[in-house]
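User: I am new to this structure and would like a close look at its interior. Could you walk me through the nonpolar core and the places around it?

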Amino acid sequence: MPELPEVETVRCALKIGLDGAHVTAVGGKSVMMRRPLDLQLLTARLTGAGFVAARRRGKSLLLDFDTPGSLMIHLGMSGRMMLCDAAESALDHTHLVLDLSDGRELRFVDPRRFGLAVWLEPGEETIDPSLRSLGIEPLDSALEELLPPLLHARRSPVKSLLLDQRLVAGVGNIYAAEALWRAGIRPTRKGSQTSLQRLRRLAIITREVIEEAVAQGGTTIRDYATPSGDFGYFAVRLQVYGKEGQPCPRCSIRLKDTRIAGRTTVWCPGCQR
DNA sequence: CCAGTATCCTGCAGGC
DNA sequence: TGCCTGCAGGATACTG
């Protein structure tokens, strides 16, 4: 479900929604997610903790409390954060529940369990495997300087490179397809056979797409929603994602779909070279 | 080290 | 109606 813009939207909502909140109790089921969900540890660290800040790195959320360490959450494909009244009945696959002092609950729901909810002790943030190797943030102004040489040094399709979190942190299947279409670059083109000039343009366009999507509150395809249940409105701006078979908005050639690195990729054979 | 594939899991749409 | 297949916003363990 969630790429950078969706996670950023959730972060902003939690920052406001959790302001002044205290955790009174921790609940859920110790299920197997991408890593085991350790409710014992989470309960020990979070009970009584007051919310302080919500941060984001790539597609990971980091929630800080007035206790050392942080709660790291990754939404995977189907993960969702919900901020709701405790009386509201819980959805299926609600794995973690933080009871709040004001009668609300923060719930982490993830049917497919590709997500993650992990307590990071102080210092673990820099060594955790899913954080330590993340590449540059697309919103960082150094992107157009740092990314092109990295892509140019690789022989994989540019599409795979954009999805590689070790190179750029936060781009997923939707925004990779959109950025490549806007940049006029064929997704199967190899990094090494794309000029630095074009890669620089791709980097700039990638940031633009991500910025626009953040401004629209992300993209709702089927079930993405903010913690209060709102949808993202970037879907109306998608030009190629999910539109295979339709005419290209730029050149009217029929959009094709190909599988690259195991992911469906929609692109235009007419104007993406 | 690099590149490509298989895999984890549930839900849903589409074909028959 | 039901059963089957394949695909879905992601990351990583494994192969060659």
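Analyst: Happy to help; here is a walk from the core and its cavity out to some loops, a helix and the cysteines.

A few ground rules come first. This is a predicted model, in which local features need pLDDT of at least 70 and side-chain atom pairs count only at pLDDT 80 or more, while totals for chains, interfaces and linings use all residues. Residues are numbered from 1 along each chain as its sequence is written, chains are lettered from A and ligands numbered from 1 in the order in which they are written, and side-chain values use heavy atoms, with hydrogens and water left out.

Let us start inside. The largest nonpolar core has 32 residues. Such a core is a set of buried Ala, Val, Leu, Ile, Met, Phe, Trp, Tyr and Cys residues joined through side-chain atoms within 4.5 Å. Here buried means under 20% relative accessible area, exposed means over 50%, and partly exposed is in between (1.4 Å probe, protein chains only). The residues with the most contacts inside this core are Leu 14, Leu 42, Leu 46, Phe 65, Leu 71, Met 81 and Leu 98. Take Leu 14: leaving aside neighbours within four places in sequence, its contacts (heavy atoms within 4.5 Å) are Asp 19, Phe 51, Leu 61, Leu 63, Met 81, Leu 83, Leu 106 and Pro 227. A second, separate core has 28 residues, among them Leu 4, Ile 136, Val 158 and Leu 167.

Next, the empty space. Rolling a probe the size of a water molecule over the atoms shows where such space is left. On a 1 Å grid over the protein atoms alone, a cavity is a set of points where a 1.4 Å probe fits but cannot get out, and lining residues have an atom within 4 Å of a point. Grid points are joined across faces, edges and corners, and a volume is the space filled by probe spheres set on the points. The count comes to one cavity of 30 Å³ or more, and the largest holds about 30 Å³ of space. Its lining is made up of Leu 18, Ala 21, Val 23, Phe 51, Phe 65, Leu 98, Leu 100 and Leu 106. By class, that gives eight nonpolar, no polar and no charged residues; Ala, Val, Leu, Ile, Met, Phe, Trp, Tyr, Cys and Pro count as nonpolar, Asp, Glu, Lys and Arg as charged, and the others, Gly among them, as polar.

Phe 65 from that lining also touches Gly 50, whose contacts beyond four places in sequence are Ala 21, His 22, Asp 64, Phe 65 and Asp 66. Gly 50 lies in the loop between α2 and β2 (51-57); helices (H or I, at least four residues) and strands (E, at least two) are DSSP runs, numbered from the N terminus. With a relative accessible area of 4%, Gly 50 is buried.

In strand β1 you will find Thr 24, which is partly exposed at 44% relative accessibility. Not counting residues up to four places away in sequence, Thr 24 touches Thr 47, Asp 99, Leu 100 and Ser 101. The loop between β1 (23-28) and α2 (39-46) holds Val 31, a residue that is buried at 18%. Val 31 is in contact with Pro 36, Leu 37, His 95 and Arg 113, again leaving aside neighbours within four places.

That brings us to Arg 113, in the loop between β7 (104-109) and β8 (116-120). Arg 113 has a positive phi of about 60 degrees although it is not a glycine, and at 39% it is partly exposed. Ala 261 also has a positive phi, near 50 degrees; it sits in the loop between β9 (256-260) and β10 (263-267) and is exposed at 58%.

Now to helix α7 (residues 196-215), home of Leu 202. Leu 202 is buried, at 0% relative accessibility. Its contacts beyond four places in sequence are Leu 151, Val 158, Leu 162, Ala 179, Leu 180, Ala 183 and Ile 185; one of these, Val 158, belongs to the second core.

Finally, the cysteines. The structure holds zero disulfides, a disulfide being a pair of cysteine sulfur atoms within 2.5 Å. The sulfur of Cys 248 is 3.6 Å from the closest cysteine sulfur, in Cys 271, so the two are too far apart for a bond. Cys 251 is likewise in no disulfide, with the nearest cysteine sulfur, that of Cys 268, 3.4 Å away. Cys 248 is buried at 3%, whereas Cys 251 is partly exposed at 29%.

Note on methods:
On a 1 Å grid over the protein atoms alone, a cavity is a set of points where a 1.4 Å probe fits but cannot get out, and a pocket is an open set with protein on both sides within 12 Å along at least five of seven lines; lining residues have an atom within 4 Å of a point.
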